[in-house]
Amino acid sequence: MSDTMSLCPRCAHETIEHITGSPVPGVWEVLQCGRCLYMWRTTEPARRTRRDAYPEEFMLTPEDIGTAPEVPAVPPLRLPGTGAATR
Ligand SMILES: [Zn+2]
């Protein structure tokens, strides 16, 4: 295994978690980055699984992750008969 296999393809983090593996052991694994949560299967193409082949425009830096906008919360359900009609 080369060095780049142990790095997250997207953010180069070194803590990679083993999520699951193939029913027949040793065929593939699903791995996830502990920092940016990128997840991939080891049998996907190099551009999805290797830092040195991952498309540059999709790479993240720790700064990118720190300044990423918060994912908006799901608002509470509107009760029937309340709220403005929008349709
Ligand atoms: Zn990552």
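**Arg10 and what lies around it**

I looked up the contacts of Arg10 in this predicted model and, leaving aside residues up to four places away in sequence, I found that Arg10 touches Cys33, Cys36, Tyr38, Tyr54, Phe58, Met59 and Leu60; two residues count as being in contact if their C-beta atoms, placed from the backbone, lie within 7 Å. With Met59 I also noted the C-alpha to C-alpha distance, which is 4.7 Å although Arg10 and Met59 are 49 residues apart in sequence.

Is Arg10 buried or exposed? I noted Arg10 as buried because 22 other C-beta atoms lie within 10 Å, where a residue is called buried at 20 or more such atoms, exposed at 12 or fewer, and partly exposed in between. For the protein as a whole, I wrote down that buried residues make up 10% of the 87 residues. Arg10 itself sits in the segment before strand E1 (16-21).

**How I read the model**

I number residues from 1 along each chain as its sequence is written. Since the model is predicted, local features need pLDDT of at least 70 and side-chain atom pairs count only at pLDDT 80 or more, while totals for chains, interfaces and linings use all residues.

**Elements and sheet**

I then listed the secondary structure, which comes to 2 helices and 3 strands, and follows the pattern β-β-β-α-α when read along the sequence; helices (H or I, at least four residues) and strands (E, at least two) are DSSP runs, numbered from the N terminus.

How are the strands ordered in the sheet? I found an open sheet of 3 strands in the order E1-E2-E3, with antiparallel pairing, where two strands pair if DSSP finds at least two bridges between them. E1 and E3 stand at the edges, each with a single partner strand, so one side of each has no neighbour in the sheet. From one strand to the next the twist averages 25 degrees, taken from axes that are lines fitted to C-alpha atoms, with angles from 0 to 180 degrees between N-to-C directions.

Going through the pairs, I saw that E1 and E2 (residues 29-33) are joined by 5 bridges; His18 stands opposite Leu31 in E2, and Glu17 has Gln32 in E2 as its bridge partner. Between E2 and E3 (residues 39-41) there are 3 bridges, and here Gln32 stands opposite Met39 in E3.

My last entry concerns the hairpin of E2 and E3, which has 5 residues between the strands and in which Leu37 takes a positive phi near 70 degrees.
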